[in-house]
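Reader: I am in my first year and would like a close look at one part of this protein, namely the salt bridges and the places where they sit. Could you take me through them slowly, and then go on to the elements around them?

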Amino acid sequence: MTVPTRRLTVAQALVEFLAHQYTERDGTRQRLITACWGIFGHGNVAGIGQALLESGDAMPYHQGRNEQAMVHAAVGYARHRDRLSAHAVTTSIGPGATNLVTGAALATINHIPVLLLPGDTFATRPADPVLQQLEHPGAGDISVNDCLRPVSRYFDRITRPEMLIPAALEAVRVLADPVQTGAVTLALPQDVQAEAYDWPEEFLADRVWHVRRPAPDPGALAEAVAAVRAARRPLLIAGGGVPHSGAYDALSTFADATGIPVACTQAGKGSLPHHHARDVGGLGHTGTAVADELARTADLVIGVGTRYSDFTTASSTLFAAPGVRFVNLNITSFDAHKLSGLPLVGDARAGLEALLEALSGHRVPAEYEREYARGKAAWDQVVTRAFSWTDRAARPTQAQVLGALDRVVDPSDVIVNAAGSLPGDLHKLWRARGRRDYHLEYGYSCMGYEIPAAIGVRMASPDRPVWALVGDGTYLMMPTELVTAVQEGIAIKLLLLQNHGYASIGGLSDAVGGERFGTAYRFRAPDGTYTGDPLPVDLAANAASLGMSVLRARTNGELADALAEARAATRPTCVYVETETADTVPGAPPAQAWWDVPVAQTATRPAAVRAREEYERYVAGRRRYL
């Protein structure tokens, strides 16, 4: 029997194949790869570039300014589509390809699907070396794209046209798999991209990848139910697996029925709205006082969709009760087994529903509910004080900036952040209201993520106001995608906070005896010392030069007006504010739990000696959960 075929180049076949891939969950079907970002150069301009041109509306193209930023935009998009839709990213060979590495690591660490299509050097080697080729004297088949292997969940190099069929199928399988998903790389030698081949029509036809909701093993479920029933002070941790699974209603129903309080990681914040009676806020080093105190005294911790990072566990010092045990509901066996916990391997929504049904009316003691309700109310007063101001003409603190934004937004708004001191303040203070309204990238905490991610979020949710919250240090890392927002008419809102230095790392440096070395933007004198005057850098003018509408806010009052104006804007708009950094002005509350950053064991400077003494005091409380 003759198999129907079509003659296309490798690049044309790949683009058409991707345009026909779908995911399906709970009966809803959607395109898996909905668009492709690209910056063209030799290695992809005549292959993937030509194929995208021919594809037209079948595979929309978006032009980026920085390869790393394109990956960040794709990650923001995929996360807000619950990992059921994603974007591809294509680059030239050489620096275009290596610029993908940071974005790929971020995607893989956070379990977010993105397809990377870097150009590669000639497979047939008609000229060797070519421009930007890495020559390795011990292996002729190595290129710079091999840097992407350790940060990709799947990697392949297509050196013959027929290799594309199994490689493309495997790549899409990984992208659509909630257990394995992350960055997927198909390295494409530039000569192979342009080579024609007779492709089976079946390869180019519609294909649906079903995303299942596996339930936990019945035996493990019975053990978990027994552990919950025996616990007097259980605490549930909502991680990123809750929003990825769409388990919001299941979590709310479970918490209401059992009375178990719910703390959250950065990725899980917003799993319950802040006004929910069982929500006790962020957990760990950047957590709330009430959540961290509950964690210290919990006899059972139920982790749902969390990978237990060191910020969540306060570097293994937070869960301090002598007999504390863990029940871990997670789609991945790897994470479900952490902290020697009882593994409930399964989908977060399916697992919570099964657990609640098996608990059959069980509820925590009433006094425990009253205890954490008091703690929640007390912390809410802390937040109100940090957010409030009385002097309209005063310069706002960073916490007051968040308070002003808190008064402007509603559940439809999305805030995007990743690095600096803002993640800690947001985790402790921000009042999440709606689903997917809190977008913190804290698996990699990558400076420069916020602006391109906000573009991706807005593309995924074009009817929602999207705010990129950015400090001056982060802004200087990667402002270039503002041009993309202006070019594409993507009306993100940039809230740009200027505090003249790396405030987060400056504070950490102080705490570990580093005396803020190398963390401020200051003039350097001939003797090597730094003056107290900030550099004459005007980031607002820079944002305006990139096409943004810019609103300068110098005071609390002006900030409130500017935020309201920005929220109503229909084009990309920046609100620029210099924050008050004086130690005499109250700001956000300090960290409620420790974080392990090793301090020099021997030092001559007094600050480092004192920091080491403090460090050893905390280290004594660290434990292994066996």
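**Salt bridges and their surroundings**

Author: In this predicted model, the side chains of arginine 431 and aspartate 380 meet in a salt bridge, with a distance of 3.2 Å from N to O. Arginine 431 lies in the loop between H18 and S19, while aspartate 380 belongs to helix H16 (residues 366-387), so the salt bridge ties together parts of the chain that are 51 residues apart in sequence. The two partners can also be compared by how far they are covered, where under 20% relative accessible area is called buried and over 50% exposed. Arginine 431, with a relative accessible area of 14%, is therefore buried, whereas aspartate 380, at 37%, counts as partly exposed.

Other salt bridges share partners with one another, and in this way Asp26, Arg213, Asp347, Arg349 and Glu353 are joined into one network. Across the whole structure, a search finds 35 salt bridges, and it is worth following two that belong to the network.

One of them is formed by arginine 213 and aspartate 26, whose closest N and O atoms are 2.8 Å apart. This pair links distant parts of the chain, for arginine 213 is in the loop between S11 and helix H9 (218-230) and aspartate 26 is in the loop between S2 and S3, 187 residues away in sequence. Arginine 213 counts as buried because its relative accessibility is 18%, while aspartate 26, with 46%, counts as partly exposed.

The other is the salt bridge in which the side chains of arginine 349 and glutamate 353 meet, at 3.9 Å from N to O. Here the partners are four residues apart in helix H15 (residues 348-359), which means that about one helical turn separates them. Arginine 349, at 25% relative accessibility, counts as partly exposed, and glutamate 353, with a relative accessible area of 43%, is partly exposed as well.

Aspartate 26 leads us on to the strands beside it. S2 and S3 form a hairpin with two residues between them, and aspartate 26, which is in the turn, has a positive phi of about 55°. Within the hairpin, S2 and strand S3 (residues 28-31) pair in the antiparallel sense over four bridges, and arginine 25 stands opposite threonine 28 in S3. S2 also pairs with strand S11 (residues 207-210), this time in the parallel sense and again over four bridges; in that pairing, histidine 210 of S11 is the bridge partner of glutamate 24. Strand S2 (residues 21-25) is mostly covered, five of its five residues being buried. Gln21, Thr23 and Arg25 point one way from S2, and Tyr22 and Glu24 point the other way, yet residues on both sides are buried.

The positive phi of aspartate 26 deserves a short pause, because most residues other than glycine have a negative phi. Arginine 436 also has a positive phi, of about 60°, although it is not a glycine. Arginine 436 is found in the loop between helix H18 (422-429) and strand S19 (438-440), and the loop between H18 and S19 is also where arginine 431 lies. With a relative accessible area of 11%, arginine 436 is buried. Serine 315 is another residue other than glycine with a positive phi, near 50°; its place is in the loop between helix H13 (310-313) and strand S16 (325-330), and at 8% relative accessible area serine 315 is buried.

Finally, consider a charged residue with a partner of another kind of contact. Aspartate 413 is in the loop between helix H17 (398-406) and strand S18 (414-417), and with a relative accessible area of 3% it is buried. The side chains of aspartate 413 and arginine 567 are joined by a polar contact of 2.6 Å. Once its neighbours within four places in sequence are left aside, aspartate 413 is in contact with Asp437, Arg464, Pro465, Trp467 and Arg567.

Conventions: Residues numbered from 1 in each chain as written. Predicted model: local features only at pLDDT ≥ 70, side-chain atom pairs only at ≥ 80, totals over all residues. Heavy atoms only, no water. Buried < 20%, exposed > 50% of the residue type's maximum accessible area, 1.4 Å probe, protein only. Polar contact = N/O pair within 3.5 Å; in protein donor to acceptor, adjacent residues only side chain to side chain. Contact = heavy atoms within 4.5 Å. Pairing = 2+ DSSP bridges. Salt bridge = Lys/Arg side-chain N within 4 Å of Asp/Glu carboxyl O.
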